[in-house]
Amino acid sequence: MSNEPNEPGPIDYLVIEFPGSRMTGEGLPLLIDLVDRGIIRVLDLIFIRKDSDGSVRGVELADLTGDDRLDLAVFEGASSGLLAQDDIDDASRVLEPGNSAAVLVYENVWAGPLAAALRRGGARLVANGRIPVQEIVASLDAAETRA
């Protein structure tokens with residue numbers, strides 16, 4: 001483990017679009033599980049809606065499952081200050097009118113101790129990236145077709 005207290009892990013973000021602003025809450029228990037197990041830490045979570053005229057507004061946390069409980073209350077007030085208005089504007093540009101989105105900024109807590117240990121050993125990160133899911137699915141489909 002790290003000798004350095006609170007060694008931060010890499011910070012990532014997701015913009016998740018909900019067509020027709022239909023949010024079911026189905027993924028919420030999985031997100032909560034990741035937080036509860038210490039895999040990620042939610043730094044910022046906001047919801048936005050792009051109206052048919054292209055204007056963007058914040059959306060209040062809601063009862064997604066219809067059980068009269070505020071499903072996202074556990075994340076209410078999650079705001080680290082990392083998410084600025086420019087980021088929200090960028091996120092809104094990728095939304096289709098009439099749709100909503102969650103903008104999630106999170107820390108990969110699991111990676112903090114690993115990064116600290118590697119740095120102590122003299123290692124340094126020289127590149128990183130992410131393979132888009134669409135490319136992975138296309139590659140898997142192509143491999144299945146060849147098989």
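**A briefing on sheet, cores and helices**

Strand β2 is mostly covered, with seven of its ten residues counted as buried. The model is a predicted one, and its protein chain holds four helices and four strands, which follow one another along the sequence in the pattern β-α-β-β-α-β-α-α. The points below begin with the sheet to which β2 belongs, then turn to the nonpolar cores, the helices and the chain as a whole.

**The sheet**

- Four strands form an open sheet in the order β1-β4-β2-β3, and their pairing is antiparallel.
- The edges of this sheet are β1, residues 11-18, and β3, residues 56-58, each of which pairs on one side only; between neighbouring strands the average turn is 25°, with direction ignored.
- Strand β4, residues 100-107, is joined to β1 by eight bridges, and the two run antiparallel; within this part of the sheet, Phe18 stands opposite Ser100 in β4.
- Helix α2, residues 85-93, packs on the sheet and touches β1, β2 (41-50), β3 and β4, while its direction makes about 55° with that of β2.
- Strands β2 and β4 are also paired in the antiparallel sense, again over eight bridges, and Ile46 has Val103 in β4 as its bridge partner.
- On the β3 side, three bridges join β2 to β3 in an antiparallel arrangement, and Lys50 has Val56 in β3 as its bridge partner.
- The connection between β2 and β3 is a hairpin with five residues between the strands, and Gly54 in the turn has a positive phi of about 90°.

**The nonpolar cores**

- In soluble globular proteins, nonpolar side chains tend to be buried together.
- The largest nonpolar core of this model has twelve residues in all, namely Met23, Leu28, Leu31, Ile40, Val42, Leu45, Phe47, Phe75, Ala78, Ala102, Leu104 and Tyr106.
- The elements giving two or more residues to this core are helix α1 (28-36) and the strands β2 and β4.
- Once its neighbours within four places in sequence are left aside, Leu31 is in contact with Ile40, Val42, Phe75 and Leu104, and these four residues are listed in the largest core together with Leu31.
- Apart from the largest core lies another core, of nine residues, which includes Ile48, Ile88, Ala91 and Val103; of these, Val103 is the residue in β4 that serves as the bridge partner of Ile46.

**Helix α3 and what follows**

- Which residues of helix α3, residues 111-120, are buried? They are Ala111, Gly112 and Ala116.
- Seen down the axis of α3, these buried residues fall within an arc of 135°, and therefore they line one face of the helix.
- Just after α3, Gly122 takes a positive phi of about 95°.

**The chain as a whole**

- The protein chain has 147 residues, of which 27% count as buried.
- Of the contacts between residues at least 6 apart in sequence, 81% join residues that are at least 24 apart.
- The chain exposes about 10,200 Å², and carbon and sulfur atoms supply 54% of that area.

Key. Residues are numbered from 1 along each chain as its sequence is written. This is a predicted model: local features need pLDDT of at least 70, side-chain atom pairs count only at pLDDT 80 or more; totals for chains, interfaces and linings use all residues. Side-chain values use heavy atoms; hydrogens and water are left out. Buried means under 20% relative accessible area, exposed over 50%, partly exposed in between (1.4 Å probe, protein chains only). Contact means heavy atoms within 4.5 Å. Accessible areas come from the Shrake-Rupley method with a 1.4 Å probe; for residues, only the protein chains shown count as cover. Two strands pair if DSSP finds at least two bridges between them. Axes are lines fitted to C-alpha atoms, for helices over the stretch in contact, and angles run from 0 to 180 degrees between N-to-C directions. A nonpolar core is a set of buried Ala, Val, Leu, Ile, Met, Phe, Trp, Tyr and Cys residues joined through side-chain atoms within 4.5 Å. The arc is that of the directions from the helix axis to the C-beta atoms.
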